[in-house]
Amino acid sequence: MNAATAIPTAFDVQRVRADFPLLSRSVHGKPLVYFDNANTSQKPAAVIEAVDRFYREYNANVSRAVHCLGEEATSAYEGARDKLAAFINATSRNELVLTSGTTQATNLVAYSYALPRLKPGDAILTTVMEHHANIVPWQLIAQRAGATVKAAPIDERGELIVERFFELLTPEVKLACVTHVSNVLGTVNPVREIARECRKRGIPLLVDGSQAVPHRPVDVQALGCDFYALTGHKMLSPTGTGALWAKKEHLADMPPFFGGGEMIREVRFDGTTFAEPPHKFEAGTPNIAGFVGLGAAIDYYQSLGFEAIHAHEQDLLAFATERLREVPGLRIFGEAAEKEPVISFLVEGAQATDLATLLDLQGVAVRSGHHCAHPLMQFFGVPATLRASLAFYNTREEVDAFVEALVKVRKLLM
Ligand code: PMP
């Protein structure tokens with residue numbers, strides 16, 4: 001990290017913002033208010049520079065080359081695995097399969113772990129609040145195996161009805177899947193408790209950590225789950241990066257999903273043998289530059305510290321929620337007791353997309369749509385919501401600008 005990106009000890013949001021080049025741009029002549037962080041986060045200069053340095057100074061393929069550049073590239077790529085393993089407190093770096101994101105991670109578990117174990121009549125349990133990446137892979141393999149996908153319900157506040165989840169953990173359930181944090185509601189699920197109940201019944205648990213890792217320290221050992229999927233681009237890293245953490249014994253038992261270079265020990269027409277995990281699951285040339293960036297992103301998070309991040313984000317969440325309640329006709333979706341800074345809402349009499357389009361003209365970036373969570377939209381009986389998702393580099397002043405813009409554009413639509 002260079003002097004320009006040195007981190008203050010106390011959380012100083014203005015200094016932090018100075019680390020993010022994009023935050024100083026304007027949109028439609030207005031200062032940008034970027035509230036679409038659950039979609040993808042912005043990147044600090046430390047990440048951008050790490051990627052730039054890789055291409056300028058040591059671009060080479062990993063693992064195959066013995067030359068200096070190849071060794072430097074391999075060491076940076078494998079170094080990112082070490083950092084990520086420490087970041088989520090994995091017992092070993094070999095438990096971390098580097099993927100293109102959560103979607104690849106859940107699909108890897110679906111095809112390599114679950115499908116070979118599923119029999120007709122079996123089930124996979126998930127919840128109504130999941131992203132499609134934690135629903136559709138299970139449906140695809142259930143269809144092939146003659147199994148079913150069950151969904152545990154939530155309540156009107158957007159909290160998982162945990163007792164119902166436990167009741168649904170019946171003997172035919174061969175895998176349970178739950179999001180750590182909802183990308184639409186911000187709800188934090190009691191993953192430890194869920195993992196404990198799954199363990200009691202001998203049912204493996206997959207946790208979708210996409211929206212948790214950007215906001216809170218994650219300790220996969222303490223959570224007690226079997227699989228933890230995450231995506232890099234929501235945690236300050238380049239797109240096309242992510243990981244599947246899985247317990248060693250699961251990875252050892254899983255056949256490879258993709259075949260090709262990098263994942264073999266010896267290829268013969270009378271029987272190919274495979275590399276040990278995690279390389280067994282990493283066929284082909286990976287997103288090396290992306291993972292170099294992810295390594296820098298983890299350094300950046302650690303220099304800030306999650307305590308400071310959490311305090312600032314929770315302040316923003318409370319402030320934004322309070323300010324939004326002042327807007328006439330506004331309904332918030334997701335009022336769980338424990339939330340990350342994601343606020344979904346609708347304004348009576350206005351279409352979500354119209355509001356988002358008009359907000360954009362005011363410089364405010366929020367997402368409108370179904371947020372890849374159709375079953376959740378069906379639960380609330382709406383086709384779409386607006387979603388303001390905040391990050392530690394956002395400010396109360398931006399919240400004020402957002403609410404003022406919303407009040408203004410709402411009037412245009414009335
Ligand atoms: N799960 C959740 C909760 C998400 O928010 C997202 C991204 N919107 C995903 C999974 C999928 O992540 P990716 O597209 O990076 O694979």
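Visitor: How many residues surround the ligand?
Guide: This is a predicted model. In it, the closest residues to the ligand are Thr103, Asp208, Gln211, Thr231 and Lys234. By class, the shell has one nonpolar, ten polar and two charged residues. The full number surrounding the ligand is 13.

Visitor: How much of the ligand's area does the protein bury?
Guide: Start with the polar contacts. An N or O atom in the side chain of Thr103 is 2.6 Å from a ligand oxygen, and a polar side-chain atom of Thr231 also lies 2.6 Å from a ligand oxygen. For the side chain of His233, the distance from an N or O atom to a ligand oxygen is 2.9 Å. Taken alone, the ligand exposes 400 Å², and the share buried by the protein is 87%.

Visitor: Is H12 parallel, perpendicular or oblique to H14?
Guide: The axes of H12 (residues 352-361) and H14 (residues 396-413) come within 9 Å. They cross at roughly 125°. The crossing is right-handed. An angle between 115 and 145 degrees is neither roughly perpendicular nor roughly antiparallel, so H12 is to H14 oblique.

Visitor: Which residues does a cis peptide bond join?
Guide: Look in the loop between strand S12 (273-274) and helix H10 (288-304), where Pro278 is found. The omega of the cis bond is about 5°. The bond joins Pro277 and Pro278.

Visitor: What is the phi of Asn89?
Guide: Asn89 sits in the loop between helix H3 (68-87) and strand S4 (96-99). Asn89 is not a glycine, although its phi is positive. The value is about 55°.

Conventions. Residues numbered from 1 in each chain as written. Predicted model: local features only at pLDDT ≥ 70, side-chain atom pairs only at ≥ 80, totals over all residues. Heavy atoms only, no water. Near = heavy atom within 4 Å. Polar contact = N/O pair within 3.5 Å; in protein donor to acceptor, adjacent residues only side chain to side chain. Areas by Shrake-Rupley, 256 points an atom, 1.4 Å probe, with all protein chains shown as cover. Nonpolar A, V, L, I, M, F, W, Y, C, P; charged D, E, K, R; others polar. Axes fitted to C-alpha atoms, helices over the stretch in contact; angles between N-to-C directions. Helix = DSSP H or I, 4+ residues; strand = E, 2+ residues; numbered from the N terminus. Parallel < 35°, antiparallel > 145°, perpendicular 65-115°, else oblique. Left-handed = near helix turned anticlockwise from the far one by under 90°.
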